[in-house]
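Colleague: Hi, could you pull up the model so we can talk through the sheets?

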Amino acid sequence: MIIDCHYHYYPSEFDVEKKLRDMDAAGIDKIALIAPICPVFKSEPMSLPMRFMRLLMGKAAFYPLLKKLFCTFRGDGIDILGEHVPIFFVPGNKAVFDAVAMAPDRLCAWVTVNPARQSEEEMRREILEYADRETFCGVKAHPFYHQYDVTKLDAVCRILEPLRKPLLIHLPFDSRDAILALVDQYPKVNFLLAHCAFPYFYLIWPELKKRKNIYVDISSGCYVDAKMARRAVDALGPYHVLYGSDGPYGTPNSDGSVDMQAEYEFATKLIRAEELRAIRKNNFVFLTSEQ
């Protein structure tokens, strides 16, 4: 069984009936959907810059350059390689859960929140609206694109703690100490860091290894190549790594949809067979079931 823990829902790309057929063809049993943060943009041009970034990570002198390349926010969006991409600041969770309701045995969903635009009470109402559904798997936060300090997720953790569901986070720059402090403050909340803990990657893994309630996903060939995924498993162990594709960003089919089989094979080709059961299924089941 293969569970994709990280896939963004765009109605134009995710026709449920067709996607179920594509899942069957690719051997994907379940997908966890996330509300989109921005319009779909082609991820292939990002591959070379991201490879360049991974080479420079760990060298403090290059951080200003990296932040300038990947954190140029302007107005309502972000500039990526010369293209201005709008950011969606209001999470579209209803559309995601409506899609999931069409195939609840094959789809589940994260509730996306934005503490920079929502009060704690607004986030509580948003989360609790879906929390009693079997298809609710946890909460997604994107402090990188939504441009807020990780400490603002303290309110989200207070809501999540009694629900026993994980918090999936796309970290921003300058958040290393803040995320570790938050993880320590809420030992009953499981944290899942997207894209192998981008933008820190292996620089933060030794600290993650010391903590039982923090995990990474290996989503997106844009951020994580097979070597990075292999290094993450070696550093954290297979029980703290989850498979995700970051679809529909990835290898495209002729119709514009993501090639799910190609993405899975690309990300996991250096991971041993005995490790894959945990990474592609069991870890997600453990994190999203009430413990």
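**Sheets and a helix**

Modeller: Sure! There is an open sheet of eight strands in the order 1-2-6-7-8-9-10-11, with parallel pairing. Its edge strands, each pairing on one side only, are strand 1 (3-8) and strand 11 (241-242). Strands (E, at least two residues) and helices (H or I, at least four residues) are DSSP runs numbered from the N terminus, and two strands pair if DSSP finds at least two bridges between them.

Colleague: Before I go on, what sort of model is this?

Modeller: This is a predicted model, where local features need pLDDT of at least 70 and side-chain atom pairs count only at pLDDT 80 or more, while totals for chains, interfaces and linings use all residues. Residues are numbered from 1 along each chain as its sequence is written, and side-chain values use heavy atoms, with hydrogens and water left out.

Colleague: Thanks! How many bridges join strand 2 and strand 6?

Modeller: Three, in the parallel sense, between residues 30-34 and 107-113. L33 stands opposite A109 there.

Colleague: And which strands does helix 8 lie across?

Modeller: Helix 8 (residues 176-185) lies across strand 8 (167-169), strand 9 (191-193) and strand 10 (214-217), at about 155 degrees to strand 9. Contact means heavy atoms within 4.5 Å; angles run from 0 to 180 degrees between N-to-C directions of axes fitted to C-alpha atoms, for helices over the stretch in contact.

Colleague: New topic: what order do strands 3, 4 and 5 take?

Modeller: They form an open antiparallel sheet, 3-4-5. Strand 4 (residues 77-80) pairs with strand 5 over four bridges, and I80 has E83 as its bridge partner. The hairpin has two residues between these strands, and L81 in the turn has a positive phi of about 50 degrees.
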